[in-house]
Amino acid sequence: LGKESAASKNVTYTNEALGFRIDAPAFGEVAGQQTLVAMSGPPSEGFAPNLNVVLQPKQTISEYLETTLKEMERVAPDLKILSETTTKVDGHDAIL
């Protein structure tokens, strides 16, 4: 989850285990805003894969995750988070 909009170049995220790569374009800087990227997966026949790109007021990655989880729990009360890993993607904080 997440990459600030101040980047001036494309950012690539590769997940060898799941066999995919995303090349995110560079987004221009917007004062007080950040660009966040959220991905989800796997179910299959019932569909699930998803990719969201959002421009919103700046928050820390932890604040964004907390806000997002509250909203997800509101619309999907039986939601279960199966895993969560804090890492860096191209030098930016990310939660996968």
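**A buried strand, a lined pocket and two salt bridges**

Six of the eight residues of strand 3 (residues 33-40) are buried, so this strand is largely enclosed by the rest of the structure. Burial here means a relative accessible area under 20%. The model is predicted.

Strand 3 pairs with strand 4 (residues 50-57). The two strands run antiparallel and are joined by eight bridges. Within this pairing, V37 stands opposite V53 of strand 4. In a regular strand, side chains alternate between the two faces of the sheet.

Both strands also contribute to the largest pocket. Strand 3 and strand 4 each supply at least two residues of its lining, as do strand 1 (11-15) and helix 1 (61-75). The largest share comes from helix 1, with five residues. The volume of this pocket is about 1200 Å³. Its lining comprises 31 residues. Nearest the pocket centre lie M39, S40, G41, S83 and L96. Sorted by class, 21 lining residues are nonpolar, eight are polar and two are charged.

Helix 1 also carries charged side chains that meet in pairs. The structure holds two salt bridges. Side chains of opposite charge can pair when their charged atoms come close.

One salt bridge links the side chains of K70 and E66, at 3.2 Å from N to O. Both residues lie in helix 1. They are four residues apart, about one turn of the helix. K70 has a relative accessibility of 53% and therefore counts as exposed. The cut-off for this class is over 50%. E66, at 45% relative accessibility, counts as partly exposed.

The side chains of E71 and R74 form a salt bridge as well, at 2.6 Å from N to O. Because E71 and R74 are three residues apart in helix 1, about one helical turn separates them. E71 is partly exposed, with a relative accessibility of 39%. R74 is exposed, at a relative accessible area of 58%.

Helix 1 thus appears in two settings. It gives five residues to the lining of the largest pocket. It also holds the pair K70 and E66 and the pair E71 and R74.

Key: Residues numbered from 1 in each chain as written. Predicted model: local features only at pLDDT ≥ 70, side-chain atom pairs only at ≥ 80, totals over all residues. Heavy atoms only, no water. Buried < 20%, exposed > 50% of the residue type's maximum accessible area, 1.4 Å probe, protein only. Pairing = 2+ DSSP bridges. 1 Å grid on protein atoms, 1.4 Å probe; cavity = no way out; pocket = protein on both sides within 12 Å on 5 of 7 lines; lining within 4 Å. Points joined across faces, edges and corners; volume = space filled by probe spheres on them. Nonpolar A, V, L, I, M, F, W, Y, C, P; charged D, E, K, R; others polar. Salt bridge = Lys/Arg side-chain N within 4 Å of Asp/Glu carboxyl O.
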